[in-house]
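Visitor: Hey, I've got a structure open here and no clue where to start. Can you walk me through it?

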Amino acid sequence: MKSLFRSSSSSSTVIGNDIDIFTQILLCLSVKPLLVFKSVSKQWYSVISDPIFIKKHTQRQYPHSVMVETETNNPKFEFVSLDGSSSFVPFETLDFFSDLIIKIKQSCNGLLCCFSYEDYGNCTYYICNPSTKQYRRIVDFGFDMAKEKGFVMPLSVSLAYEPLKSRHYKVICVWMMPLEQSTPRLRACQIEIYSSETDSWKLSGDVFFVSYSITNKSGVYCNGSLHWIDSSKLENHICFNIDQELRTGMPPYRSLLYSEKRSNVEYFGECRGRLHLISDCVLESIYDILEMKTDYTGWIKKFRVNVREFPYPVVSGGFCVLHVEEVGESFMLVLRIRDQVISCNLREMSFKDLYKFAPLTWEKISQDSSYQYIETLAFV
């Protein structure tokens, strides 16, 4: 027994003294135990806090779950495992914001863009890491502040964060210009950018015009750019390259739809460096699933499905796309149908039950209340 104990102690000492082995073990752990282990010793703290370690840890992460906001006034969240294999619940509320009522605008590679508001038009924006319960106050947006800058109010606030490229992030605000500069169909806007590296804001580019349908929507971050889809017939889509501060358009998509006139954008998001758009023809339950070409020259129609052919009771208002994922030959939709969350492999037309909400919970879930969740040690 003593020899076994000496052998075990000896092995622990070897691992503890071999920083490479030690690091590889830590990289396999989730965020919660890592945060605890930071207090073990100065060496452990140094390893886990090292930006290189954080980057390597991030490389091993991918959205294994979707967080769904089930209460709006005092936000509460439930987590849907994308493969149905885990019941892990990292948090239920964003209670580390103390007494503030926080709303999420966007999720981007593990960080959240959030805001709290006192009244219409006056709000405070934050960037937070829900895994580490850290947050940074970015700015207080108000009518007085906007007027001093020559604007009216923020139309869109978006987070751009790419942890494999940089530990810093940027926040892009699309400001609405005074009404006299707009047209009956388009708003005049200008972009302002916040950098976490410099903790400062700067204006970017000239005045440009966006559709009224883009109001209050965060852009979708993908491959170094933010993207906004114009759901109106104008199709005045916007792509903004963060590093180059270059604004361009995107190709139209409506000609690919089952019905150009009666279709709405059900989902627009990113997965593994690809942009996906799902449009529905409500009256006939037909859904077109499109993917942007990598060179941005057009859209590819991936699938057209009739959800009434699914083996689930689809009713008006009870259907919602939570996530899209394409891996190899598999193309998976994660859908909420009333209180049930399912995954559907469209190539095989196979289905899997993932989650079930409580009877009174699913009715409170709004259309835009689901976000990718990725654990990260990133600083904010």
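Guide: Sure, we'll go through some helices, the cores, two odd backbone angles and the salt bridges. One thing up front: this is a predicted model.

Visitor: Okay, helices. How do H4 and H5 sit relative to each other, and how close do their axes come?
Guide: Helix H4 covers residues 42–49 and helix H5 covers residues 51–59. Their axes come within 5 Å and cross at roughly 60 degrees. H4 and H5 are therefore oblique to each other.

Visitor: Which residues make that contact?
Guide: On the H4 side you have Val-47, Ile-48 and Ser-49. H5 brings Pro-51, Phe-53 and Ile-54. Sorted by class, that contact has five nonpolar residues, one polar and no charged ones.

Visitor: And which residues of H4 are buried?
Guide: Val-47, Ile-48 and Ser-49. The buried residues of H4 pack against helix H2 (19–27), H3 and H5.

Visitor: I see Lys-38 around there too. Where is it exactly?
Guide: Lys-38 is in the loop between helix H3 (31–37) and H4. Leaving out residues up to four places away in sequence, Lys-38 touches Tyr-45, Ile-48 and Ser-49. Lys-38 and Ile-48 are ten residues apart along the chain, and their C-alpha atoms are separated by 6.5 Å.

Visitor: Is Lys-38 buried or exposed?
Guide: Lys-38 counts as buried, because its relative accessibility is 18% and the cut-off for buried is under 20%.

Visitor: New topic. How many residues are in the largest nonpolar core?
Guide: There are 42. The members that touch the most other members are Ile-127, Leu-159, Tyr-169 and Ile-172. Strand E8, residues 169–176, gives the most to this core, with seven residues.

Visitor: What does Tyr-169 touch?
Guide: Not counting residues up to four places away in sequence, its contacts include Leu-111, Ile-127, Ile-138 and Leu-159. Arg-136, Tyr-194, Phe-379 and Val-380 are also among them.

Visitor: What about a second core, which residues does that include?
Guide: The second, separate core has 19 residues, among them Phe-303, Val-305, Phe-319 and Leu-346.

Visitor: You mentioned odd backbone angles. What's up with phi in Glu-245?
Guide: Glu-245 has a positive phi of about 55 degrees, although it is not a glycine. Most residues other than glycine have a negative phi. Glu-245 is in the loop between strand E13 (238–241) and strand E14 (246–248). With a relative accessible area of 26%, Glu-245 is partly exposed.

Visitor: And the other one, Tyr-296, where is that?
Guide: Tyr-296 is in the loop between strand E17 (286–292) and strand E18 (299–306). Its phi is near 60 degrees, again a positive value in a residue other than glycine. Tyr-296 counts as partly exposed at 27% relative accessibility.

Visitor: Now salt bridges. What does the count come to?
Guide: The count comes to eleven salt bridges.

Visitor: Pick one for me. What does Glu-326 pair with?
Guide: Glu-326 forms a salt bridge with Arg-274, and the closest N and O atoms are 2.9 Å apart. Glu-326 lies in strand E19 (residues 319–327) and Arg-274 in strand E16 (residues 274–281), so the pair ties together parts that are 52 residues apart in sequence. Glu-326 is buried, with a relative accessible area of 8%, whereas Arg-274 is partly exposed at 34%.

Visitor: How far apart are the closest N and O atoms of Glu-291 and Lys-302?
Guide: They're 4.0 Å apart, and the two residues form a salt bridge. Glu-291 lies in strand E17 and Lys-302 in strand E18, so this pair ties together parts eleven residues apart in sequence. Glu-291 counts as buried at 8% relative accessibility, while Lys-302 is partly exposed at 25%.

Visitor: Which residues are linked in a network of salt bridges?
Guide: Arg-274, Glu-291, Lys-302, Glu-326 and Arg-347.

Visitor: One last pair: where are Lys-356 and Asp-339?
Guide: Their side chains meet in a salt bridge, at 3.0 Å from N to O. Lys-356 is in strand E22 (residues 350–356), and Asp-339 is in the loop between strand E20 (330–337) and strand E21 (340–345). The two are 17 residues apart, and the pair links distant parts of the chain. Lys-356 counts as exposed, with 52% relative accessibility.

Notes. Residues are numbered from 1 along each chain as its sequence is written. This is a predicted model: local features need pLDDT of at least 70, side-chain atom pairs count only at pLDDT 80 or more; totals for chains, interfaces and linings use all residues. Side-chain values use heavy atoms; hydrogens and water are left out. Axes are lines fitted to C-alpha atoms, for helices over the stretch in contact, and angles run from 0 to 180 degrees between N-to-C directions. Helices (H or I, at least four residues) and strands (E, at least two) are DSSP runs, numbered from the N terminus. Angles under 35 degrees count as roughly parallel, over 145 as roughly antiparallel, 65 to 115 as roughly perpendicular and the rest as oblique. Contact means heavy atoms within 4.5 Å. Ala, Val, Leu, Ile, Met, Phe, Trp, Tyr, Cys and Pro count as nonpolar, Asp, Glu, Lys and Arg as charged, and the others, Gly among them, as polar. A nonpolar core is a set of buried Ala, Val, Leu, Ile, Met, Phe, Trp, Tyr and Cys residues joined through side-chain atoms within 4.5 Å. Buried means under 20% relative accessible area, exposed over 50%, partly exposed in between (1.4 Å probe, protein chains only).
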